[in-house]
Amino acid sequence: MRPFLIWLALVVAIVGPLAIAASSPLLAWRQPIYIIAGFAGVCGLAMLLLQPLLASGRLPGLTLPVSRRIHRFLGALLVAVVIVHVAGLWVTSPPDVIDALTFASPTPFSAWGVIAMWTIFLTGLIAALRRRLRLSSRQWQWIHMALAVVIVASTIVHALLIDGTMGTLSKAMLCALVAGSALWVMIDMKRRRSGKRRSR
């Protein structure tokens, strides 16, 4: 019963905000490309809830190797989702995207979104070049964890500052779950490493 409840909670946490965004009156008269770009952003935020849980093998019913393969797939998909998000906004309003990319935008959420974007791209690039860079498993974990902290923090700030299609409460709850998921996994990983050192 417990695994079922965990998966049900995850589905509700992800589908709920998406459903609220889909029914938002702010979508009226918006161009399809703008709507797609907006939903790509919401999907990207939802993926950040799953990524730490997959990387650490915390989701019931999935072995660690399978969980990490899904984690890598979602990581690549997250890069694609961010590209769709930014490209869609570029098509609808190139000047706004240029201002955001050059950190000249008057809206604070833009800068945080750009920081999250470049950090996601950097993470994907390092993951793709990991063997060529000859990074050990431990080195990669530390680098990945540091980049993940920046991604999660900047994405949450970016999302919370936007007055968009997501409901205020559902967005705050999803952001809290994303932060909690990442923090829980990092603390648990640190605790496990400390336990291994003491047992040596």
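1. Let's start with the largest pocket of this predicted model. Its lining is made up of 40 residues, and the ones nearest its centre are Ala55, His71, Trp140, Gln141 and His144. If you have the structure open, find those five residues and you will be looking at the middle of this pocket. The space inside comes to about 1,400 Å³.

2. Which helices line the largest pocket? At least two lining residues come from each of helix 2 (32-55), helix 3 (64-92), helix 5 (108-128), helix 7 (137-161) and helix 8 (168-199). Sorted by class, the lining holds 21 nonpolar, 9 polar and 10 charged residues.

3. Now move on to the second largest pocket, with a volume of about 1,200 Å³. It is lined by 46 residues, and His85, Leu89, Phe109, His158 and Ile162 are the closest to its centre. Helix 2, helix 3, helix 4 (94-101), helix 5 and helix 7 each give at least two residues to this lining. Helix 2 supplies the largest share, 11 residues. By class, you will find 27 nonpolar, 14 polar and 5 charged residues here.

4. Next comes the largest nonpolar core, a group of 34 residues. Within this core, Leu45, Leu49 and Val178 have the most contacts. At least two core residues come from each of helix 1 (2-22), helix 2, helix 3, helix 5, helix 7 and helix 8. Helix 2 gives the most, with 10 residues. So helix 2 is a good one to colour when you explore: it gives the most to this core, and it also supplies the largest share of the lining of the second largest pocket.

5. Leu45 deserves a closer look. Leaving aside residues up to four places away in sequence, Leu45 touches Thr155, Ala159, Met166, Leu174, Cys175 and Val178. One of these partners, Val178, is itself listed among the core residues with the most contacts.

6. Thr155 is another partner of Leu45, and its place is in helix 7. Is Thr155 buried or exposed? Its relative accessible area is 12%, which is under the 20% limit, so Thr155 counts as buried. The side chain of Thr155 reaches the backbone oxygen of Ile151 at 2.6 Å. Setting aside residues up to four places away in sequence, Thr155 touches Leu45, Leu48 and Ala116.

7. Val82 sits in helix 3. This residue is buried because its relative accessibility, 11%, is under 20%. Not counting residues up to four places away in sequence, Val82 touches Met117, Ile120 and Phe121. For a sense of distance, try Val82 and Leu135: they are 53 residues apart along the chain, and their C-alpha atoms are separated by 26 Å.

8. Finally, look at two backbone angles. Most residues other than glycine have a negative phi. Phe103 is not a glycine, yet its phi is positive, about 55 degrees. Phe103 lies in the loop between helix 4 and helix 5. With 49% relative accessibility, Phe103 counts as partly exposed, because exposed would need over 50%.

9. Arg134 also has a positive phi of about 55 degrees and is not a glycine. Where is Arg134 placed? You will find Arg134 in the loop between helix 6 (130-133) and helix 7. Its relative accessibility is 74%, which is over 50%, so Arg134 counts as exposed.

Notes. Residues numbered from 1 in each chain as written. Predicted model: local features only at pLDDT ≥ 70, side-chain atom pairs only at ≥ 80, totals over all residues. Heavy atoms only, no water. 1 Å grid on protein atoms, 1.4 Å probe; cavity = no way out; pocket = protein on both sides within 12 Å on 5 of 7 lines; lining within 4 Å. Points joined across faces, edges and corners; volume = space filled by probe spheres on them. Helix = DSSP H or I, 4+ residues; strand = E, 2+ residues; numbered from the N terminus. Nonpolar A, V, L, I, M, F, W, Y, C, P; charged D, E, K, R; others polar. Buried < 20%, exposed > 50% of the residue type's maximum accessible area, 1.4 Å probe, protein only. Polar contact = N/O pair within 3.5 Å; in protein donor to acceptor, adjacent residues only side chain to side chain. Contact = heavy atoms within 4.5 Å. Core = buried A, V, L, I, M, F, W, Y, C linked by side-chain atoms within 4.5 Å.
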